[in-house]
Amino acid sequence: DDQSAKDHAAAMARLRAMKGAEFDRAFLRHEAAFHQAVIEAVQGALLPAIDNAELKALVEKVAPAFQAHMRMAQELEKKLAA
């Protein structure tokens, strides 16, 4: 009954129904939104709750990769829209 699992299943069903450029644009929009949600969760809920210094350092170390992936998806989506 997890809402995020339901949302993911619905997104995958929508993507499976698409092909070609329509799929490409929808997939990139989905990926950018997913990465944004992860970034918000990490910054707003996860990092403040972590007590273990090693775990906190690990999460802080990988967080920029999510930001870079999100930017890449957004930039590619813009190129495809042009």
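H30 sits in helix α2. Helices here are DSSP runs of H or I of at least four residues, strands are runs of E of at least two, and both are numbered from the N terminus. This is a predicted model, where local features need pLDDT of at least 70, side-chain atom pairs count only at pLDDT 80 or more, and totals for chains, interfaces and linings use all residues. Residues are numbered from 1 along each chain as its sequence is written, and side-chain values use heavy atoms, with hydrogens and water left out.

Back to H30. Is H30 buried or exposed? Neither: H30 is partly exposed, because its relative accessible area is 22%. The cut-offs are under 20% for buried, over 50% for exposed, and partly exposed in between, with a 1.4 Å probe and protein chains only.

What does H30 touch? Leaving out residues up to four places away in sequence, H30 touches A11, M12 and L15. Contact means heavy atoms within 4.5 Å. Now look along the chain to Q43. H30 and Q43 are 13 residues apart in sequence, and their C-alpha atoms are 20 Å apart in space.

Take L15 next. L15 lies in helix α1. L15 is buried, because its relative accessible area is 8%. Beyond its neighbours within four places in sequence, L15 is in contact with F23, A26, F27 and H30. R71 is 56 residues from L15 along the chain, and 21 Å separates their C-alpha atoms.

Now the pocket. H30 is one of the residues lining the largest pocket. The others in that lining are S4, D7, H8, A11, E31, F34 and A37. Which helices supply the lining? Helix α1, residues 3-16, and helix α2, residues 20-49, each give at least two residues. By class, the lining has three nonpolar, three polar and two charged residues. For the classes, Ala, Val, Leu, Ile, Met, Phe, Trp, Tyr, Cys and Pro are nonpolar, Asp, Glu, Lys and Arg are charged, and the others, Gly among them, are polar.

How much space lies in the largest pocket? About 190 Å³. A pocket is found on a 1 Å grid over the protein atoms alone: it is an open set of points where a 1.4 Å probe fits, with protein on both sides within 12 Å along at least five of seven lines, and lining residues have an atom within 4 Å of a point. Grid points are joined across faces, edges and corners, and the volume is the space filled by probe spheres set on the points.

On to charges. How many salt bridges are there? The count is one. The rule asks for a side-chain nitrogen of Lys or Arg within 4 Å of a carboxyl oxygen of Asp or Glu. E77 and R29 form the bridge through their side chains, at 3.8 Å from N to O. This pair links distant parts of the chain: E77 is in helix α3, residues 53-81, R29 is in helix α2, and they are 48 residues apart. R29 is partly exposed, because its relative accessible area is 42%.

Two more residues. H35 is also placed in helix α2. H35 counts as buried, because its relative accessibility is 7%. Past four places in sequence, H35 touches F66, H69 and M70. I50 is in the loop between α2 and α3. I50 counts as buried too, because its relative accessibility is 14%. Outside its neighbours up to four places away, I50 touches L55, K56 and V59.

Finally, the whole protein. There are three helices and zero strands. The radius of gyration is 15 Å, well over the 12 Å that the globule rule gives for 82 residues, so the protein is more spread out than a compact globule. That radius is taken over C-alpha atoms, and the globule rule is 2.2 Å times the number of residues to the power 0.38. The C-alpha trace spans about 45 × 35 × 15 Å along its principal axes. Buried residues make up 17% of the 82 residues. Of the contacts between residues at least 6 apart in sequence, 61% join residues at least 24 apart.
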